[in-house]
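User: I am new to this structure and would like a close look at a single part of it. Please start with one pair of facing residues and work outward from there.

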Amino acid sequence: MAKVLCVLYPDPVDGYPKSYIRDSIPKIESYPGGQTLPNPKGIDFVPGELLGSVSGGLGLRKYLESLGHEFIVTSDKDGPNSVFEKELPDADVVISQPFWPAYLTPERIKKAKKLKLVITAGIGSDHVDIQAAIEAGITVAEITYSNSISVAEHVVMMILSLVRNYLPAHEWAVKGGWNIADCAVRAYDLEGMHVGTVGAGRIGLAVLRRLKPFDVHLHYTDMHRLPAEIERELGVTYHPDVYDMVPHCDVITINCPLHPSTEHLFNDQLFEKCKRGTFLVNTARGKICDRDAVVRAVQSGKIAAYAGDVWFPQPPPPDHPWRTMPYNGMTPHYSGTTLSAQARYAAGTREILECFFEGRPIREEYLIVKGGKLAGTGAHSYTVGSTTKGVEEALKSA
C-alpha cells in the first residue's frame, strides 16, 4: 500500500470550525472556456467546509484509509527535524498547497527514493524543483483552473483597494477619526487608467474581463498571444515583452507562473521603466519580484503602493520587509484558498489520486511533468529549470 504525505496549513487559532457563516456555496457547472470541473468518483466532504487545513485533510482520509493506504497530514514542513523531512524518504505521494508549500528541493527529491507523484492542491507548482522532478521521473500535477477565478477576483479587489486608498482610510475609521483629507490625498478613480497584466492565461484573462466594465485601457504581455477576437472584444493592447508594456501602465498586475524566465523579473531595471506612482499587485508568486527592489521602488515613490498575498519563502519570516514597508496591502497567501476554491481543488486532488491508484491517465490539463519532461499545462506554461534555490537559506534565517 502507498504512503501519502500531505502538507497543509495549520487550523484556525481558535480551533477547527464547528459551523460556518453560510449554509452552502454556489454550484459552478463549468469553467470559462468549457473545461469541466473535477469529477472524482466520490467525495467525503461537504462543499464549503474548511478542507485546506490539517484537520480538513482535503477530505481524503476516509477514501485513502479505506483502500489501506497510509495518510499522514502535517503542517510541520521546514527544516531537517520537521515531520515532512522525516516522513519523506518512503513517501509514494506528496500533496501540498501553494499557500503553505512543501518545498521539494533537489536535495529533498534525492532523499525521496519512492516518490512517484507530487500533487499541488491548487495551481502553481514552482515549490517543486521541476528539473529535479524531471530527472527523477516523478509525475507532477496540479488542479488547473480550480482557483483561477478566486485569484482573479482577489486581484480586482486589491487594485481597487490600492487606487482608492481603502486600507489607510479604513484605519482612520478604526482609530475613531474622520480624517477626510488624509483619506483623499492618495485616492484616485480607476476609470481612465491604463491597466496591464503580465500573463494572460486563465487568471490574467479573467482579470482583464472583470476590469473591462471599469472603462480602463487594458494591456497585456504573455508568451502566448491571445486570439485576435478576444483582443478585439476586450479592446486590449498586446505588448511583446514586459519592458515594452510597463511604461504605458498606471496599474500593473502579475498573473504569470514562476519559472526561471520570470524569477526576479520585477527588479530595479524594470522599475525604472515604470511611470512614477504605478500601482503594483502581485498574486502570482513572490519570487517574480526582487524583494528589496520592491522596497526601494515603494520608498522612492516609483511604485505608489504594492499589494499581494505571495511571498518568498512561505510563510515569510517575521522581519520580511514587505510586512512593514509603507503603502503596502500585503496579506497571507489566501486568494486561492477560499472555501469555494477548496471544494474544487480537494475534489481535483481526489480525482488525480483515483487515476493514480487505478492506473488511469491523469487529465492532460492537470499535468506539469510526466515521463521525464514537461507535459500538459506544464509544457504550455513552464520552462525547464529550478526556482527553489534560496529556500533552505531563507528558512534557516526565519
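Analyst: Lys370 stands opposite Lys373 in β14. The model is a predicted one. The two strands concerned, β13 and β14, pair in the antiparallel sense over two bridges. They form a hairpin with two residues between the strands, and Gly371 takes a positive phi near 60° there.

On its other side, β13 meets β5. Strand β13 covers residues 367-370, and its pairing with β5 is antiparallel, over two bridges. One match in this pairing is Val140, whose bridge partner in β13 is Val369.

These strands belong to an open sheet of seven strands in the order β2-β1-β3-β4-β5-β13-β14, and the pairing in this sheet is mixed. β14 (373-374) stands at one edge and β2 (70-74) at the other; each has a single partner strand, so one side of each is left without a neighbour in the sheet. Strands of a sheet pair through backbone hydrogen bonds, either parallel or antiparallel.

At the end of the order away from the hairpin, the pairing takes the parallel sense: strand β1 (residues 3-7) and β2 are joined that way over five bridges. Within that pairing, Lys3 has Glu70 of β2 as its bridge partner. A helix also lies across part of this sheet. Helix α13, residues 339-358, crosses β1, β3 (93-96), β4 (117-120) and β5 (139-142), and runs at about 165° to β4.

The structure also has a second sheet to set beside this one. It is an open sheet of seven strands, ordered β8-β7-β6-β9-β10-β11-β12, with parallel pairing. Its edge strands are β8 (237-238) and β12 (328-330), and each pairs on one side only. Inside the order, β9 (residues 251-254) and β10 (residues 278-282) run parallel and are joined by four bridges. Val251 has Phe279 in β10 as its bridge partner. Here too a helix lies across strands: α8 (residues 202-211) crosses β6 (194-198), β7 (217-221) and β9, at about 175° to β7.

A database record covers part of the chain. In an unreviewed entry, UniProt lists residues 156-334 as "domain: D-isomer specific 2-hydroxyacid dehydrogenase NAD-binding". In the model, the end C-alpha atoms of residues 156-334 lie 15 Å apart, and the span is 33% helix and 17% strand.

Enclosed space is the last topic. Rolling a probe the size of a water molecule over the atoms shows where empty space is left. The structure holds two cavities of 30 Å³ or more. The largest has a volume of about 130 Å³. It is lined by 15 residues, and the closest to its centre are Tyr103, Asp126, Arg285, Trp311 and Phe312. By class, this lining has seven nonpolar, five polar and three charged residues.

The second largest cavity has a volume of about 40 Å³. Asp126 also appears in the lining of this cavity, and other residues there include Val128, Leu258, His259, Pro260, Tyr382 and Thr387. Its lining divides into five nonpolar, five polar and two charged residues.

Technical notes
Residues numbered from 1 in each chain as written. Predicted model: local features only at pLDDT ≥ 70, side-chain atom pairs only at ≥ 80, totals over all residues. Heavy atoms only, no water. Pairing = 2+ DSSP bridges. Contact = heavy atoms within 4.5 Å. Axes fitted to C-alpha atoms, helices over the stretch in contact; angles between N-to-C directions. 1 Å grid on protein atoms, 1.4 Å probe; cavity = no way out; pocket = protein on both sides within 12 Å on 5 of 7 lines; lining within 4 Å. Points joined across faces, edges and corners; volume = space filled by probe spheres on them. Nonpolar A, V, L, I, M, F, W, Y, C, P; charged D, E, K, R; others polar. UniProt positions renumbered as here; feature names shortened; annotations may be inferred.
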